[in-house]
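Trainee: I am new to this structure and would be grateful for a close look at a single part of it. Could you begin with one pair of strands and then follow the connections outward from there?

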Amino acid sequence: MTQTLRDPREVIREEPLMHDPILRAVASGPATIGEIAERIGHPVHEVVYWVMGMRRYGHLVEGTEADDDGFFSYGAVDQGPAATLEECEYE
Amino acid sequence: MDYDVLVIGSGIGGMESSIKLADMGYKVLLVEKEASVGGRMILLSKVFPTLDCASCISGPKMSSTINHPNITTMAFSEVAGITKNGDGRFTAKVREWAKYVDWAACTGCDACQKACTVAVPDQFNANLAARRAAYIAFPQAVPKKAVLQREGTSPCIGACPAGIKAHGYVSLVRSGKYEEAFQLVLDATPLVGTLGRACYAPCESECTRMKLEGPVPIRLLKRFAADKHYSGQDSGTPAIEVAEPNGRRVAIVGSGPAGLTAAWQLARQGYGVTILEKRSTPGGYLRHAIPAYRLPQDVVDADIANLTSIGVEIRCNVSVSDPEALKADGYDAVIVATGTQVATRMDVPGEDAEGSVNGLDFLAAVSNGAAPELTGKRVVVVGGGNVAMDAARVSLRLGAREARVAYRRTRAEMPAHHVESKDAEAEGAVFELLVAPTEIVTRGGLVTGVRLQRMRLGAPDASGRRSPEPIPGSEYTLDCDLVISTIGMSPDPTPFAALADKRGRITVDPRTLQTSIPFLFAAGDVTAGATDITRAIGSGRRAAHMVDRWLTAQPLDGFTVLDDRLETISADTVLARQTAFGHRHPVSGDVTLTKDPRDFTEIEAPLTELQARAGAGSCLDCGVCSECQECVKSCPAFAIRMDQRDQLHDFEVGAVVVATGHKLFAADLKPEYGFGQFPNVITGMQMDRLLAPTRPFNSVLRPGDGKVPERIAYVSCTGSRDKTVGNPLCSKFCCMYSIKQNQLIMGALPLADVTMHYMDMRAAGKRYEEFYTQAQDMGAIYIKGRVSKITEQDNGDLLLRYEDIEHGGHIVEASYDLVVLAVGIQPNRDVDRLFGQTPLGLDEYYYVAEPSAELNPGQTTIPGVFVAGTASGAKDIVDTILHSGAAVAQVAAHLEHHHFTEEALV
């Protein structure tokens with residue numbers, strides 16, 4: 001896991017940009033942060049910032065219990081149409 | 001005297017001091033820098049040793065503070081300075097920061113934060129998660145009111161002469177709100193598509209990202225939003241709110257960017273607007289000068305349709321020369337925006353021969369379907385501005401064999417935008433530099449060439465550019481079939497001669513754009529000479545604003561769009577916010593340039609959606625708030641006030657209580673512990689937030705991957721009792737808050753193992769030792785020995801290396817899911833600047849000194865100034881409250897001794 005962490009401000013600034021990819025990643029059902037990170041191709045610790053921001057402002061909601069490995073799943077609050085972008089990678 | 005006491009800081013020490021003094025009848029002014037009272041305590045989970053809910057204890061005190069009749073609270077304010085007067089009183093200068101929200105109207109509903117498009121670290125959650133630029137400090141905030149974090153005007157907005165909120169629409173595109181981005185530009189001008197193509201984007205030149213790898217593609221984002229809108233179903237319908245007709249009529253003469261923009265703004269306010277255009281089609285230079293390969297005609301049509309869709313009438317083939325006649329026709333006001341229609345003559349022999357034209361007429365003819373036949377011909381364009389580049393490139397598209405641009409200075413002095421000259425060259429234009437025409441050579445009345453004289457650069461002229469000087473005997477003839485003169489343009493002085501200066505420009509008041517005839521205003525290049533689209537748009541907006549003010553009998557001021565912007569934030573300030581910046585590949589336009597092009601197809605491709613989002617994603621949010629206006633639109637109480645500004649107040653007070661608290665140790669100053677390097681190393685304050693009911697996550701999770709941790713380690717004395725970081729002091733409460741968290745974790749995560757690595761366990765307080773024992777009984781493990789190093793494993797777990805002092809002193813390594821650094825405290829050096837030339841005395845560790853702490857706790861080195869709480873040294877909450885009580889008693893004695901209170905006004 002060892003890697004250089006980006007400045008949190010930079011990661012957090014990208015949250016609005018990541019809403020669509022993350023909502024796409026959970027369009028078929030709730031997913032853990034690790035699963036979301038794998039689907040959108042970003043480091044898991046950065047996805048934590050984005051998922052928690054989206055949770056706070058009403059885009060995502062967590063399941064009631066963590067799985068056996070200790071991970072919660074997060075799903076879209078609004079199960080409307082999935083994002084239209086074909087790809088999730090912006091960088 | 002305004003208040004008996006000024007209390008600085010509304011943590012538990014400040015609130016306790018304020019409430020007690022107020023209860024005693026003193027009038028208190030409490031100044032708090034955050035948007036809520038409560039300090040750090042309200043952010044804690046629980047308090048030790050009782051494990052009472054911190055909110056449950058703080059909340060009532062916060063409420064009492066705000067609602068006490070003897071306390072005036074100024075939240076989101078700072079004390080800028082305090083001076084002691086000759087009579088022993090103090091004058092405090094308090095800066096009330098603009099909140100950009102009318103707190104009297106704000107209901108704390110949080111609609112603004114949900115609508116906000118800018119995410120920043122949430123300092124109230126110890127930066128574990130995001131908040132928005134529009135924010136309420138925290139859920140239990142008192143008062144529960146929103147503020148907008150604006151740290152200045154973003155450079156892109158500050159650079160725009162049209163006052164267009166570039167940062168705003170960039171932020172909207174980043175959020176996928178494309179229509180909102182279009183609407184934001186539309187709020188300024190109907191020419192969204194035009195600007196997306198033909199603007200020279202001064203915003204991008206000032207973009208802070210320029211200092212990294214390249215600017216945000218701001219102009220192309222505008223084009224992206226415009227293209228999205230115009231290609232969508234909503235195109236053609238009124239896209240913006242329009243007021244009911246107000247019965248007044250305004251005539252606008254000229255349909256260039258200034259006139260169209262002025263018409264747009266006035267029509268939206270309910271005015272009946274008629275545009276009178278001399279040519280057969282509207283658009284001014286947008287249609288008649290800018291070639292279609294840069295600005296397609298259908299884009300101009302779509303932009304102008306915005307106007308007609310809200311009822312603006314455009315009458316073409318109408319010349320106006322008598323504004324009084326318009327007044328007689330029933331127009332209440334007139335705006336002249338006729339631009340610069342007259343080409344500057346070269347004044348050389350042969351200029352009027354067939355085959356010699358000026359650039360404006362040439363480009364207009366091409367735009368209107370009357371392009372000359374240039375196949376195989378040689379063209380010389382005289383001049384070095386943008387019109388010259390357009391003329392050369394258009395000539396090539398019309399089949400010219402060659403297009404030479406003859407310019408009297410060097411490339412460096414060329415007034416054309418560097419992109420235009422570069423592109424012209426790429427398409428085959430050839431530059432003849434340091435030459436000036438002396439004659440148009442003709443044979444049989446037809447142009448056969450141009451006589452040029454070589455020049456050299458002399459001393460700088462008034463424009464700062466070096467003046468060209470002829471080189472005697474250096475003339476030569478350049479053979480050609482067509483000469484296009486593009487050496488300048490100016491307004492046509494004829495229609496409004498009485499109002500024009502010697503350059504033909506209509507004379508106006510530069511701020512009001514009003515002429516000497518009260519009902520007549522003028523805007524754009526007709527007043528300023530040839531500029532560019534953005535300046536014309538800004539001028540059109542100003543003229544519309546002033547006409548509205550004049551017609552409604554208001555003072556001709558208040559044009560806040562350009563006249564009252566916050567100071568533009570510097571790039572250095574923006575870049576200093578981060579320790580490092582990740583590299584992003586700049587997104588730029590894909591321009592297709594071919595040598596000797598033969599058609600007028602648009603040369604620049606639009607951004608794809610992915611490019612647009614990626615480009616917008618590189619924005620650094622310089623001003624923090626992007627001015628996207630989403631909060632304005634979403635606020636049900638109409639409480640957003642972007643025009644609020646900081647206010648300075650002077651208050652005379654009898655005494656001062658410094659309750660400015662402490663700072664937390666910056667854990668990254670202990671690099672061996674990996675804070676900031678390993679996501680699963682957090683601070684005690686961050687853990688308190690994770691344990692609090694208003695936590696940033698849905699549970700106690702590790703930030704590295706969102707996992708519920710099962711093995712949690714605490715490292716005590718991080719940054720305290722540590723001479724290597726310059727702090728030999730014990731912070732007094734770290735042991736106890738760690739034990740508190742140990743217990744809370746075991747309650748929240750029953751399966752978790754909690755281990756604390758400590759040097760000494762300091763549990764010196766009522767029931768503290770029992771509290772420690774209780775944690776041990778619950779299963780927490782306490783290991784004596786300082787941790788020397790933390791390393792990260794591939795799965796994000798952390799390996800702690802420490803000396804196990806109580807079991808033989810062996811070096812041991814243990815693995816954990818999550819490590820909590822029990823950081824100590826540091827003095828808050830903000831107090832240094834409070835008292836200016838006679839600063840408050842500090843002790844050797846930079847806490848506020850109490851010269852007689854044993855006998856007179858709370859007294860400082862300045863008579864009449866007292867200290868409460870951790871501003872004078874480490875204290876837990878209980879001791880802070882006790883210390884505040886002592887300070888209050890000192891304040892009361894001081895006030896009574898000096899009889900200041902009898903004069904209090906409040």
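Mentor: In this predicted model, B:Ile82 has B:Ala92 of E7(B) as its bridge partner. The two residues belong to a pairing between strand E6 (residues 77-84) of chain B and strand E7 (residues 90-96) of chain B, which is antiparallel and comprises seven bridges. E6(B) and E7(B) make a hairpin with five residues between them. In the turn, B:Gly88 has a positive phi of about 95°.

E7(B) also pairs with strand E30 (residues 647-658) of chain B, again in the antiparallel sense, through seven bridges. Within that pairing, B:Arg95 is matched with B:Leu648 of E30(B). From E30(B) the path leads on to E1(B), which runs parallel to E30(B) and is joined to it by five bridges. One of the matched pairs there is B:Val7 with B:Val657 of E30(B).

Strand E1 (residues 3-8) of chain B is largely enclosed by the rest of the structure, because six of its six residues are buried. E1(B) also pairs in the parallel sense with strand E2 (residues 28-31) of chain B, over four bridges. In this pairing B:Leu6 has B:Leu29 of E2(B) as its bridge partner.

These strands lead to the nonpolar interior. The largest nonpolar core comprises 164 residues, and those with the most contacts inside it are A:Val51, B:Val5, B:Leu6, B:Val657, B:Val658 and B:Val819. The greatest contribution to this core, eight residues, comes from H4(A). Leaving aside residues up to four places away in sequence, B:Val658 touches B:Ile8, B:Val831, B:Leu840, B:Val848, B:Val865, B:Val867 and B:Ala871. A separate second core has 141 residues, among them B:Leu363, B:Val382, B:Ala400 and B:Met546. In soluble globular proteins, nonpolar side chains tend to be buried together.

The contribution of H4(A) turns attention to the other chain. Contacts between the chains involve 38 residues of chain A and 42 residues of chain B. On the side of chain A that touches chain B, two or more residues come from each of helix H1 (8-13), helix H2 (15-25), helix H3 (33-40) and helix H4 (44-56) of chain A. H4(A) supplies the largest share of that side, with eight residues. By class, the side of chain A that touches chain B has 17 nonpolar, eight polar and 13 charged residues.

Chain A also has an open sheet of three strands, in the order E1-E3-E2, with antiparallel pairing. Strand E1 (31-32) and strand E2 (60-62) of chain A are the edges; each has a single partner strand, so one side of each is left without a neighbour in the sheet. E1(A) is joined to strand E3 (residues 73-76) of chain A by two bridges in the antiparallel sense, and A:Thr32 has A:Ser73 of E3(A) as its bridge partner. H4(A) packs on this sheet, where it touches E2 and E3 of chain A, and its direction makes about 100° with that of E2(A).

Returning to chain B, another open sheet has five strands in the order E17-E25-E18-E19-E20, and its pairing is parallel. Its edge strands, strand E17 (356-358) and strand E20 (430-433) of chain B, each pair on one side only. Ignoring direction, neighbouring strands of this sheet are turned by 25° against each other on average. Strand E19 (residues 402-407) of chain B runs parallel to E20(B) and is joined to it by four bridges; B:Arg404 has B:Val430 of E20(B) as its bridge partner. Helix H15 (residues 386-397) of chain B lies across strand E18 (378-382), E19 and strand E25 (482-485) of chain B, at about 165° to E19(B).

Helix H18 (residues 533-551) of chain B has 19 residues, which at 1.5 Å a residue should span 27 Å; its end C-alpha atoms are 27 Å apart, so the two values agree. H18(B) is mostly covered, with 15 of its 19 residues buried. Just after H18(B), B:Ala553 takes a positive phi of about 55°.

As a setting for these parts, chain B contains 26 helices and 41 strands. Of its 906 residues, 54% count as buried. The C-alpha trace of chain B spans about 115 × 70 × 60 Å along its principal axes. Among contacts in chain B with a separation of 6 or more, 72% are between residues 24 or more positions apart.

Notes. Residues numbered from 1 in each chain as written. Chains lettered and ligands numbered in written order. Predicted model: local features only at pLDDT ≥ 70, side-chain atom pairs only at ≥ 80, totals over all residues. Contact = placed C-beta atoms within 7 Å. Nonpolar A, V, L, I, M, F, W, Y, C, P; charged D, E, K, R; others polar. Core = buried A, V, L, I, M, F, W, Y, C linked by C-beta atoms within 7 Å. Buried ≥ 20, exposed ≤ 12 C-beta atoms within 10 Å, placed from the backbone. Pairing = 2+ DSSP bridges. Axes fitted to C-alpha atoms, helices over the stretch in contact; angles between N-to-C directions. Expected span 1.5 Å × (residues − 1).
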